[in-house]
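Me: I would like a close look at one part of this structure, with enough of the surroundings to place it. Please keep the account plain.

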Amino acid sequence: APSEYRKVLLNSQFTLCPSGTNPEAFRIFEAVDSGSIPVIALDDHYQNHACRNAFKPLLDSGAPFVVLRSWSELLERLEALTAEPGKVDAMQRELAAWRKSFWQGFTKRFECELVRRHNAMRVDNLKLPPGCEPLTGRAATIAAAAASASSGGASRGNAARAGGGAQRSGPRTGTGPRAGAAPRTNTGPRASTGRPPLARNPGASAGGTQRSANSAGASPGVTQPLGPIPLLTGCGRSGTMSLAKFLRSLGVNAMHEDMQEGAVSVSWLYAADAGLYPFERPASRIFRKRLIKSMPAGERLFGPVVQLTRHPLKVMSSTRRCFCGRGDRSLPRGQLSDGKSWTFVEAHAPRIDAESPPDDLVRSALYWVEWNKLIEHRYPARTHIRLEDGEPAMLLDGLGIEGIDRSMLPSSFPVDRGHKSPEKEKMRLPDVTWRELYETDVEIAREVFALAQKYGYEQGKTSVEEAL
């Protein structure tokens, strides 16, 4: 019973606090609150956990805990402490003093941070509580990004957007689709972005920066309106991370799972409309909210939009192994990313069950269907490209990126080997086949196959049965 547990803590000089789901378990704070000295271990489980250096804030604050390198040291360490007269009593007094200072200090810092974030995201600034210290490090960077994103925010409005830049005119020209490739398609007229197409920074090298043409020609002291963000999106594990790196190699400022002014966003997450996105940095979140507030009613956050597809069997094979960048759910970080990804998908695709077994093929199949349909619904005016076709020029055209010599582009998209499933995972879960999916669920196999044909895959076959 809770009351018995509390009594045990109150009568204990030490409390063992092994890591649970997270290293920083509730038991640590329950022990501190009871005056019992927590015993923690910086063992292999702690060192390899996805939540890196979880104890660092506590230890940096001078927490008088018993810290082991391994639980095998426990008996020897406790015997040494209890053998020294007055040592344990002194530690418990230190613990009580630390509890008071740490709790009060943490509460003050938390209160200050809440007010700062409120002020960064709203116009009605609150007065900082007395004693708030200046921001440093990463917190200062986030605050600076918020201030930059909001500069001149009160003056932004419909009038500021009246002078939108020139739009691309005339049809695209090309040599036609390669043999076996899906036709080049544009699923509708591209929504006006209210600004000229993005241009490569002439001075940028691989991995350099990019700026929008309107900000490049801005007069000093004149606030330029923020415009929609160019977006490359598709299902997760379709190659968005690799194409973000490819764009950066061309000197384009491409943000993976993030956004900022003058950059292209490359993210499967932004297919959905959400207030919070996993993996998005706080600075991006603040910028996004500022951008939405500054835009006229009805204007889309993203544009132009390119939809990236990859063969469904490949995406299913990857996501069932791990919905994570490295494709390995056996790693702590992979488990964490996989769980966050599926939880986010479930919130925006009702047919998906995030609690399905990790290797569930039906879940991966439904994800490919539902996420692509979500993109079709949210972005009717979009350009569609297939990863397999390797059309760098079409990707740049679809995103409105100019200033890059198309004749110098590679003939296909480079493959980033660092984001392929490791061989051990491929041996554990071989690539999905149409027969395996069909034998698992006939109707879902037919649904996936029909959408695959719509995107130019499995041409020449009339049904999934013919592909078995």
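The part I have in mind is the helix that holds Ser-364. Which helix does Ser-364 lie in, is Ser-364 buried or exposed, and which residues does Ser-364 touch? Please then go on to the cores, the sheet and the aromatic pairs.

Reply: The model is a predicted one, and what follows starts from Ser-364 and moves outward to the rest of the chain.

Ser-364 is part of helix 13, which covers residues 361–378. Its relative accessibility is 0%, so Ser-364 counts as buried; the cut-off for that class is under 20%. The side chain of Ser-364 has a polar contact, at 3.0 Å, with the side chain of Thr-319. Leaving out residues up to four places away in sequence, Ser-364 touches Thr-319 along with Met-316, Arg-320 and Trp-342.

Tyr-367 has some of these partners as well. Apart from neighbours within four places in sequence, Tyr-367 is in contact with Thr-319 and Trp-342, and also with Cys-235, Gly-236, Trp-268, Phe-323, Val-345 and Ile-352.

Tyr-367 also has a place in the largest nonpolar core, which has 51 residues. The members that touch the most other members are Tyr-367, Trp-368, Trp-371, Phe-302, Val-345 and Val-448. Helix 13 is the element that gives the most to this core, contributing 10 residues. A second core, separate from that one, has 24 residues, among them Ile-28, Ile-40, Ala-54 and Val-66.

The rings give another view of the region. Ring pairs join Tyr-367 and Trp-371 into a cluster with Trp-268, Tyr-270, Tyr-277, Phe-302, Phe-323, Trp-342 and Phe-344.

Phe-302 leads on to strand 10, which spans residues 302–309. Strand 10 runs parallel to strand 11, and 4 bridges join them. In this pairing, Leu-308 is opposite Ile-385 of strand 11. Strand 11, made of residues 383–386, is covered on both faces. Thr-383 and Ile-385 are on one side, His-384 and Arg-386 are on the other, and all of these are buried.

Ile-40, named above as a member of the second core, stands opposite Val-67 in strand 3. Strand 2 (residues 37–41) and strand 3 run parallel and are joined by 3 bridges. The open sheet here has 3 strands in the order 1-2-3, with parallel pairing. Strand 1 (14–16) and strand 3 (66–68) are the edge strands; each has a single partner strand, so one side of each has no neighbour in the sheet. On average, and with direction ignored, neighbouring strands of this sheet are turned by 25 degrees against each other. Helix 5 (residues 74–83) lies across strand 1, strand 2 and strand 3, and runs at about 150 degrees to strand 3.

Glu-30 belongs to helix 2, residues 26–34. With 32% relative accessibility, Glu-30 counts as partly exposed, in contrast to the buried Ser-364. Glu-30 touches Tyr-5 and Leu-9, again not counting residues up to four places away in sequence. The C-alpha atoms of Glu-30 and Leu-10 are 9.8 Å apart, and these two residues are separated by 20 residues along the chain.

In the structure as a whole there are 18 aromatic pairs. One of them is formed by Tyr-46 and Phe-55 and is stacked, with 4.7 Å from centre to centre and 10 degrees between the planes. Tyr-46 and Phe-55 are both buried. Phe-246 and Phe-413 form an edge-to-face pair, because their ring centres are 5.8 Å apart and their planes stand at 75 degrees. Phe-246 is in helix 9 (residues 240–249), while Phe-413 is in the loop between strand 12 (401–402) and helix 15 (423–428), so this pair ties together parts 167 residues apart in sequence. Both rings belong to buried residues: Phe-246 has a relative accessibility of 4%, and Phe-413 has a relative accessible area of 8%.

For the chain overall, the secondary structure amounts to 18 helices and 12 strands. The chain has 468 residues, of which 46% count as buried. Among its contacts between residues at least 6 apart in sequence, 69% join residues at least 24 apart.

Methods. Residues numbered from 1 in each chain as written. Predicted model: local features only at pLDDT ≥ 70, side-chain atom pairs only at ≥ 80, totals over all residues. Heavy atoms only, no water. Helix = DSSP H or I, 4+ residues; strand = E, 2+ residues; numbered from the N terminus. Buried < 20%, exposed > 50% of the residue type's maximum accessible area, 1.4 Å probe, protein only. Polar contact = N/O pair within 3.5 Å; in protein donor to acceptor, adjacent residues only side chain to side chain. Contact = heavy atoms within 4.5 Å. Core = buried A, V, L, I, M, F, W, Y, C linked by side-chain atoms within 4.5 Å. Pairing = 2+ DSSP bridges. Axes fitted to C-alpha atoms, helices over the stretch in contact; angles between N-to-C directions. Phe/Tyr/Trp six-rings, centres within 6.5 Å; stacked < 30°, edge-to-face > 60°.
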